[in-house]
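Here is a short tour for someone meeting this structure for the first time. Take a look at the picture, then read on.

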Amino acid sequence: MLAGLPLAQLAAIFGAVGLGVLALYLLKLRRRVVAVPFSPLWERILRDKEATTLLSRLKRLLSLLLQLVLLALLVLALGDPRAAETMVRGRTLVVLVDASASMQATDVKPNRISVAQGEVKRMARGLGGADRMLVAQMDAVVTPLGPMTGDTSQLEREIDGIEATDAPADLPRALRFATDVLRGVDGGEIVVVSDGALGDASDSSGPVHLGRARLSYLRVGKEGKNVGITQFSVRRYPLDKGHYEVMLELSNTGPDVEDVELRLLGDGALVDLTRLRLAPGERLPRFYSQLSGASRTLEATIARVDGTRDQLPADDHAYALLPERRRAKILVVSAGNTYLDAALLLDEYLDVTDVAPAAYPAAFEKGGWDAIIFDAVTPAQTPAANALYIDPRGPGSPVRVDRELKAPGFDKVDRKHPAVQWLALDDVNVARGHRLVPGPGDRVVGASDGGASPILVAGARDGHRFVALGFDVRDSDLPLRVAWPLFVLDCIDWFAGEDAKYLSGYRTGEVWRIPAGASAEYATVKMPDGATQRVAVHEGRAVLEGERSGFYQLVPGGRPDEPAVPFAANLLDARESAIAPQDRLVVDGKEAGELPPFHLGVRRDIWVYLLLAAVLLTALEWGSYHRRVTV
Amino acid sequence: MGVFDLFPRLREKKSAPADDELFSEPFQRKLEYLALVSRRVYSGKLRAERRTKKSGSGVEFADHREYQPGDDFRSLDWNVYQRFERLLVRLYEEEEDLAIYFVLDTSASMAFSDERKLRYGKRVVAALAYVGLANLDRVSIVTTCDRVMQRMPETRGKARIFKVFRFLRALEPGGATDLGEAMKTFVAQNKRRGLVVLVSDLYDPAGFEKGINVLRYNKFDTFVVHVVDPAEARPQLLGDVIVRDCETGDEREVTVTSKALDRFAAAHAQYRATVERFCATHQVPYVQANVEVPFDELILRVLRRGGFVR
């Protein structure tokens, strides 16, 4: 059977080229004219030659036949002929090789990913003549390593390029990719080569449907002795930013009791050392409060007490970065507000200057303010600085002040806004206030009258942030609540760009959006292993799909003179730490079967042999020509 | 004293960029060397054979003999008669010069393969002419193809070698070979008999024998220098070709194979053997001048063979 060009087309090619060859033989080729000194000597040769004319005609005929045979072989090779049985049994496979963190486990030597590579190579070598295979790396994303091909050497090169990452595997995405590839293919097969720590085959779009594709599962790994750090969170205290708190969780996913040593390192120096015993399957949370001593980096590592390493080193290390603290210069424009002064005293890193409203213009002229707080005062025009307006009025207000409200309240609070994060404002009592009218792009953070009357608005004017509170705090019980100082400090932190939330960094396998400045179009990211990668900046954030845990450096704009922004990334995935290989893989309600055996043996690409025959004939003809057998 | 001391202009000529390799300095040195060698070879043999002992015009005393009636009284040696009272006649050696004709084939076949054969033939003629001139023979050069083309008149004396050089340098090859017709013209133009040195590749479609026979029948002492290029015996040809005669323009279709080449080489060898056998049969001195053999070696052989200067 022909897998290449159809027979009719082959016949047409053979006919056309064959006629050409025949025409060349029938037409007498113009001979080369060679001058000789004395032609009568050649006449003696010609006399001898005449006796062999018949033989030479036969030789010419033989030569023509040889050319036609060569042509037939080449045309037949174009047809890609195959044995009938291989045509029937041709298979189309999409092999998804798990390259998630758990594939770094060393329970099989040298590690699971190497064993998986070996298995897939064996599959590639076992492909029949009509079989085709596509190999894709499955981690947080799906990366096809090459086209669908039956070329064993190319497949082996692709397989060699697989490398395990520190990210979890996204099985649903990989399966959707595979089903897309196999759409329209009869009897397509999906082969998952994994340890089985893949989770459910469903995502936000719902469960994955495999259609007519057959799913096979090739298990890699044999056991799962592992203790890992599965949670790691660090935060500074909002009201005491010199100290921080660490929460972490250790998980023993193995079958044995494990004694481990947990180390906390601040800026590379040991901060805490604890010995812990974890029962099989135990998840042990630990809190460390009031820690100090780290001003920049924080790392947690675990190691077995007996000095041996568990089977997955990737989750034995977690990283966090504490943002740098610097003194913020605050200008308070107020006729006097004890509550405000008290709130600002709580943060030792604030450098507060109080001025009376009349002295504001002179004080503002000095410049260098990180934030200005207008307490029941409104400047003549909006200042070019971050500002908190308490009960603003007049044309200098960043938002228009509307009608007065009687006994407004925080009926609706945007708790995602950094200025009110973690604050309880629902039951704040306010005697009176004013309705604020937000400008375009402004965000209503708090609103009264069931959300109809904004009383707390945040936004930005000319690149400077502002928060406007629509009532005087002295007309409310807000200063008597814990929420008041936190609100003031949260506003200042938001102005300064500080984030008081947990500082555990980014998770591997997710898309990271790292602040990189609004002006940069791209940024350069230095990876934990020292390699650099250029990434695009979208809406002021560098977008990067991270697959390695550790400390990163981001240089906005890619210029070396720009200050680098450090950040940390961690695996922190209990599913990946549970490295015990799974025996079953269930997708779409069906259990993945065993991989059907391949028909090992010689390749059935007959065209190769046809081409070899043509080359051999050409060589014979060449040899005979030079020995003047066929001339 | 070398030839450059005798002819300083020769050295100047050498330095001139227009000089071709025919008259290169090494060639001229060899020529001088050959002249000396030829003297040694000829002394007491060839030169003696060419002189006749007769009284009269000679200047060098050779011997006495008894007076015979009829002898010239002026040759009687009266001193001897006074001492011994015997009438003896003085005998003087009379030097007799020889006419040497060099017939150089300048047909197109001689110019084949980058004029290898013609250049070699010119060298041979120049060398032998120098030897002839050095021995005070009358040297003349004639070029032929199917007729007598050019002619250098008889000349004598070593100093006239430049005339020879100029003549040879100006030669242009061309034309078909017909030695028979050309030699008929030659013998008609040259009544004085002498030595004819025929320098040719003998590629004569009408047969090389005719030309030689014309010379023989007209009492010329003929000497054949057969210029042979071994490369012509095995041409670098393969496949289907048309062979075109460079002189006649005749064309033949030939399929050249290694076997055909073997047969051609055999035919070529056979042709050379035919020429040699013909010359041997008719007592014509014959030398095969292989262009790949250094020509001075060839000249030495020629001289050793002798005869042509008689």
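## A charged pair to start with

Which residue forms a salt bridge with K121(A)? The partner is D160(A), and the closest N and O atoms of the two sit 2.5 Å apart. K121(A) belongs to helix α5 (residues 112–125) of chain A and D160(A) to helix α6 (residues 152–160) of chain A, so this pair ties together parts that are 39 residues apart in sequence.

Keep in mind that this is a predicted model. Over all chains, the structure holds 44 salt bridges. As a bit of background, side chains of opposite charge can pair when their charged atoms come close.

## Where the two chains meet

Now for the contact between the chains. Chain B puts in 33 residues and chain A puts in 23 residues. Between them they bury about 2,900 Å², with 66% of that on carbon and sulfur atoms.

How many salt bridges are there between chain B and chain A? The count is one. It joins R252(B) to E43(A), with the closest N and O atoms 2.2 Å apart. There are also seven residue pairs in polar contact across this interface.

## Chain B's side of the contact

Which parts of chain B do the touching? Four elements each supply at least two residues: α6 (112–134), β9 (239–245), β10 (251–256) and α10 (258–281). The largest share comes from α10(B), with eight residues.

Sorted by class, the side of chain B that touches chain A has 16 nonpolar residues, seven polar ones and 10 charged ones.

## A sheet shared by both chains

The chains also build a sheet together. Three strands form an open sheet, in the order β1(A)-β9(B)-β10(B), and the pairing is mixed. At the edges are β1 of chain A and β10 of chain B, each pairing on one side only. On average, neighbouring strands here are turned by 35° against each other, ignoring direction.

Let's go through the pairings. Strand β1 (residues 32–36) of chain A runs parallel to β9(B), and five bridges link the two. One bridge in that pairing puts V34(A) opposite its partner V243(B). On the other side, β9(B) and β10(B) run antiparallel and are joined by six bridges. Here R244(B) has E251(B) as its bridge partner. In general, strands of a sheet pair through backbone hydrogen bonds, either parallel or antiparallel.

Terms used
Residues numbered from 1 in each chain as written. Chains lettered and ligands numbered in written order. Predicted model: local features only at pLDDT ≥ 70, side-chain atom pairs only at ≥ 80, totals over all residues. Heavy atoms only, no water. Contact = heavy atoms within 4.5 Å. Buried area = accessible area lost by both parts, 1.4 Å probe. Salt bridge = Lys/Arg side-chain N within 4 Å of Asp/Glu carboxyl O. Polar contact = N/O pair within 3.5 Å; in protein donor to acceptor, adjacent residues only side chain to side chain. Nonpolar A, V, L, I, M, F, W, Y, C, P; charged D, E, K, R; others polar. Pairing = 2+ DSSP bridges. Axes fitted to C-alpha atoms, helices over the stretch in contact; angles between N-to-C directions.
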